[in-house]
Amino acid sequence: MDGRGFHGESLTAYRPEPSKRGNNHRKNGGTVANTSKREESKVFTKSARYYDKLYAWKDYVAESANVRALIEEHGRSPGNRLLDVACGTGMHLAQLSKHYDASGLDLDENLLAIARTRCPDLAFHHADMRDFDLGETFDVVTCLFSSIAYIIEYDDLVSAFRAFYRHLAPGGAAIVEGFIRPEDWKPGHIHALHVDEPDLKITRMNVSQRRDPLVHMEFHYLIGTKDGVTHETELHVSRLYSDAEFQSAFEAAGFDVKLVDEGLMTSRSLFVARKPE
Ligand SMILES: C[S@@+](CC[C@H](N)C(=O)[O-])C[C@H]1O[C@@H](n2cnc3c(N)ncnc32)[C@H](O)[C@@H]1O
């Protein structure tokens, strides 16, 4: 890369701050510290079983078709193997597995259980995207719906992209959907989502809190079932990465990266990063 994406757009150089936690990369996984870090990183602790209801508005079919078009355009590896990292409940995989020899990976066993039920023929891996080793390679790695923004340390972002890189065949492509850009985040915005079914009512509400470079989303759930109404809270902490930070991290991992002009969702960045052939 010479400071430009595949298609010539200029990329602003980004120099990361030195890591505050030192050079604490996990090479082999499985330490006590890693285990607790993995536990801390789980986010859908109260809402996993409602995940598909809460995101019923999301057009996974159209998004998967767009992902497929990007693979057709940018993939240079001849095979057909796809790994969806942070696959959640497997909604993209249910579509992508019609065209690819697909498998999924996620940190959250509860979400993986739903994915396994949805796609019983696929292989799923319980692992942390910051450092995983499946001992196999793929032609495509996807990481969608801003899952990457849950990686809140820049060094861990590079580490995750290195793991994606290691799991790609030469010419293979990683397709990564970023989050809201820092300049587009609206602090103090009140978000509300509703599920309204005869036997289940949910309202999820939060007010965006910005603590640069992080955002704290404390989701409050009011969940109504025939047994009564319960209130649960869940804290989701994500990082607002700039396009330049993402691009720099991809390049540090060895990728050639391109920012896609039109993302899968309004206002969210989308990158295609290719491993050299
Ligand atoms: C917003 S959900 C997106 C799930 C799915 N890709 C979708 O489109 O519905 C974020 C996902 O990231 C997963 N996740 C968060 N941190 C992770 C990590 N360090 N390693 C693997 N998965 C992680 C969560 O468990 C969750 O499934």
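Two strands pair if DSSP finds at least two bridges between them. Helices (H or I, at least four residues) and strands (E, at least two) are themselves DSSP runs, numbered from the N terminus. With these terms in hand, a good place to start is G224, which stands opposite V229 in β10. The structure is a predicted model, in which local features need pLDDT of at least 70 and side-chain atom pairs count only at pLDDT 80 or more, while totals for chains, interfaces and linings use all residues. Residues are numbered from 1 along each chain as its sequence is written.

G224 and V229 belong to a pairing of β9 with strand β10 (residues 228-239), which is antiparallel and has 12 bridges. These two strands form a hairpin, with 2 residues between them. Strand β9 (residues 214-225) also pairs with strand β7 (residues 200-207), in the antiparallel sense over 5 bridges; here M205 stands opposite H220 of β9. A further antiparallel partner of β9 is strand β8 (residues 209-211), with 3 bridges. In that pairing Q209 faces H216 of β9, and a hairpin of 2 residues leads from β8 to β9.

Stepping back to the whole protein chain, there are 7 helices and 12 strands. An open sheet is formed by 7 strands in the order β3-β2-β1-β4-β5-β12-β11, and its pairing is mixed. Its edge strands, each paired on one side only, are β3 (123-126) and β11. Neighbouring strands of this sheet are turned by 20 degrees against each other on average, direction ignored; axes here are lines fitted to C-alpha atoms, for helices over the stretch in contact, and angles run from 0 to 180 degrees between N-to-C directions. Within the sheet, β5 and β12 are antiparallel partners over 6 bridges, and I180 has R268 of β12 as its bridge partner. Helix α3 (residues 60-74) lies across β4 (138-143), β5 and β12, and runs at about 140 degrees to β5.

What lies inside the fold? A residue is buried if 20 or more other C-beta atoms lie within 10 Å of its own, exposed if 12 or fewer, and partly exposed in between, with C-beta atoms placed from the backbone. By this count, 37% of the 277 residues of the protein chain are buried. In soluble globular proteins, nonpolar side chains tend to be buried together. A nonpolar core is a set of buried Ala, Val, Leu, Ile, Met, Phe, Trp, Tyr and Cys residues joined through C-beta atoms within 7 Å. The largest such core has 59 residues, and those touching the most other members are V85, V141, F161, A174, F250, F271 and A273. Two residues are in contact if their C-beta atoms, placed from the backbone, lie within 7 Å. Neighbours within four places in sequence aside, the contacts of V85 include L105, M129 and V141.

F250 is one of the buried residues of helix α7 (residues 243-252), along with E245, F246, Q247, S248 and A249. The buried residues of α7 pack against α6 (154-166), β5 (168-180), β11 (256-259) and β12 (268-274). After α7 comes G254, with a positive phi near 110 degrees.

Finally, the ligand is surrounded by 20 residues, of which the closest are A86, G88, D108, F145 and S147; a residue counts as near a molecule if its C-beta atom, placed from the backbone, lies within 6 Å of it. The shell divides into 11 nonpolar, 5 polar and 4 charged residues. In this grouping Ala, Val, Leu, Ile, Met, Phe, Trp, Tyr, Cys and Pro count as nonpolar, Asp, Glu, Lys and Arg as charged, and the others, Gly among them, as polar.
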